[in-house]
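Me: I should like to learn how to read the features of a protein model. May we work through one together, a feature at a time?

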Amino acid sequence: RCLSVLRRRCHIAGKRLSGPGLAAEGRVLHSVLYVYHSRLLRHRPYLALQQVEQCLKRLWKMNLVGCLETLVELIPKKNASKAQAECLVPSQPVLETVALKVLGGCKLILRLLDCCCKAFLLSVKHLCSKEFILLNTLASGLLSRLWFVIQYRCVLQTLTSLYGALLTTLQLVSETQQAPYIKGFTFPSDISDFLGVNISSEAKKQKALMLKTKKSTSWMKKLFPSVPEAVSKIGKKRKSETCTSAVKNRSIPCAMDIGETVV
């Protein structure tokens, strides 16, 4: 029963980590940083974006997905019958290595969420100051999507539940045959104590902070103020006159731009 739970949670964690959302947002982030590298080396939101990319790179270089796939291959597919006294299980060194990587992955994802939140707040702040409008608009949208992908797919919560199954299996295996591999480190019984924060409350706090910044600054209204009524009426009148003349004049090609100039 313990092995089947561990197998199922490894599958779920692997799918959520290797989903298309995280990879796509990482590629977009890399492209944005590459385009603006020579122009914004000292810009604070750009430096914050670099920290986000660094966290993503470290997460991929851990190869946590590959480690979980290896562990799944070592778990027997069928449960042993009741008549059997023995069954094949992953060894203690393998379980300890995977558990240590899961702890590191949780720390990295928590750091990634924190960097996303800080970079988003910086981008909105500089956007309201009308600095590098295109970059900060891209950054705010990208960071909010990246943060949402991690939270919506419950990546951190999945890894914490996986660690619980790993720790239970590790204790049973170590009781059967002692073969410690990682020395000088005690695996925590509660992962929240190791991370130092409560995951659900931290996510709610970051979400409230990001939504509060959006509402309080109302940066869209500052960047795109409402058009005065007189200007809008003149624009509508010009547009109607231009369209009427275009319909009457059959010689104008259809692909020709007959729109009005921006006031």
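Me: Let us begin with α2. Which residues on the other side of α2, away from its buried ones, are exposed?

Reply: Please keep in mind that this is a predicted model. The exposed residues there are P20, R27 and Y34. The buried residues of α2 are L22, E25, G26, L29, V32 and L33. These buried residues cover an arc of only 125° around the axis, which puts them on the same side of α2.

Me: Why can residues that are separated in sequence point the same way in a helix?

Reply: An α-helix has 3.6 residues a turn, so residues three or four places apart point the same way. In this structure, the buried residues of α2 pack against α1 (2-17), α3 and α6 (133-152).

Me: What span should α2 have, and how far apart are its end C-alpha atoms?

Reply: One multiplies the rise of 1.5 Å by one less than the number of residues. For the 16 residues of α2 (residues 20-35), the expected span is 22 Å; the end C-alpha atoms are 23 Å apart, which agrees. The 20 residues of α6 should span 28 Å, and the end C-alpha atoms of α6 are 28 Å apart, so these values agree as well.

Me: Is L33 of α2 buried or exposed, and which residues does L33 touch?

Reply: A residue counts as buried when its relative accessible area is under 20%. L33 has a relative accessibility of 5%, and therefore counts as buried. Leaving aside residues up to four places away in sequence, L33 touches Y46, L49, Q50 and E53. The C-alpha atoms of L33 and L135 are separated by 9.6 Å, although these residues are 102 residues apart along the chain.

Me: How should one describe the way α3 and α6 pack, and which residues make the contact?

Reply: One considers the angle between the two axes, and an angle under 35 degrees counts as roughly parallel. Here α3 and α6 pack at an angle of about 30°, with their axes 11 Å apart. The two helices are therefore roughly parallel to each other, and α3 passes α6 in a left-handed crossing. P45, L49, V52 and L56 of α3 make the contact with N136, A139, L143 and L146 of α6. Among the buried residues of α6 are N136, A139, L143 and L146.

Me: What is the angle between α5 and α7?

Reply: The angle is about 160°, and the axes of these helices are 9 Å apart. Angles over 145 degrees count as roughly antiparallel, and α5 and α7 are therefore roughly antiparallel to each other. Their crossing is left-handed. The contact includes Q92, L95 and V102 of α5, and L166, L170 and V173 of α7.

Me: Where is Q92 placed, and is Q92 buried or exposed?

Reply: Q92 lies in helix α5 (residues 92-128). With a relative accessibility of 6%, Q92 counts as buried. Not counting residues up to four places away in sequence, Q92 touches L170, V173, S174, Q177, Q178, A179 and P180.

Me: Finally, what is the phi of N63, and where is N63 found?

Reply: Most residues other than glycine have a negative phi. N63, however, has a positive phi near 55°. N63 is found in the loop between α3 (44-61) and α4 (64-74), and is partly exposed, with a relative accessible area of 47%. C154, which follows α6, also has a positive phi, near 55°.

Methods: Residues are numbered from 1 along each chain as its sequence is written. This is a predicted model: local features need pLDDT of at least 70, side-chain atom pairs count only at pLDDT 80 or more; totals for chains, interfaces and linings use all residues. Side-chain values use heavy atoms; hydrogens and water are left out. Helices (H or I, at least four residues) and strands (E, at least two) are DSSP runs, numbered from the N terminus. Buried means under 20% relative accessible area, exposed over 50%, partly exposed in between (1.4 Å probe, protein chains only). The arc is that of the directions from the helix axis to the C-beta atoms. Contact means heavy atoms within 4.5 Å. Axes are lines fitted to C-alpha atoms, for helices over the stretch in contact, and angles run from 0 to 180 degrees between N-to-C directions. Angles under 35 degrees count as roughly parallel, over 145 as roughly antiparallel, 65 to 115 as roughly perpendicular and the rest as oblique. A crossing is left-handed if the near helix is turned anticlockwise from the far one by less than a right angle, and right-handed if clockwise.
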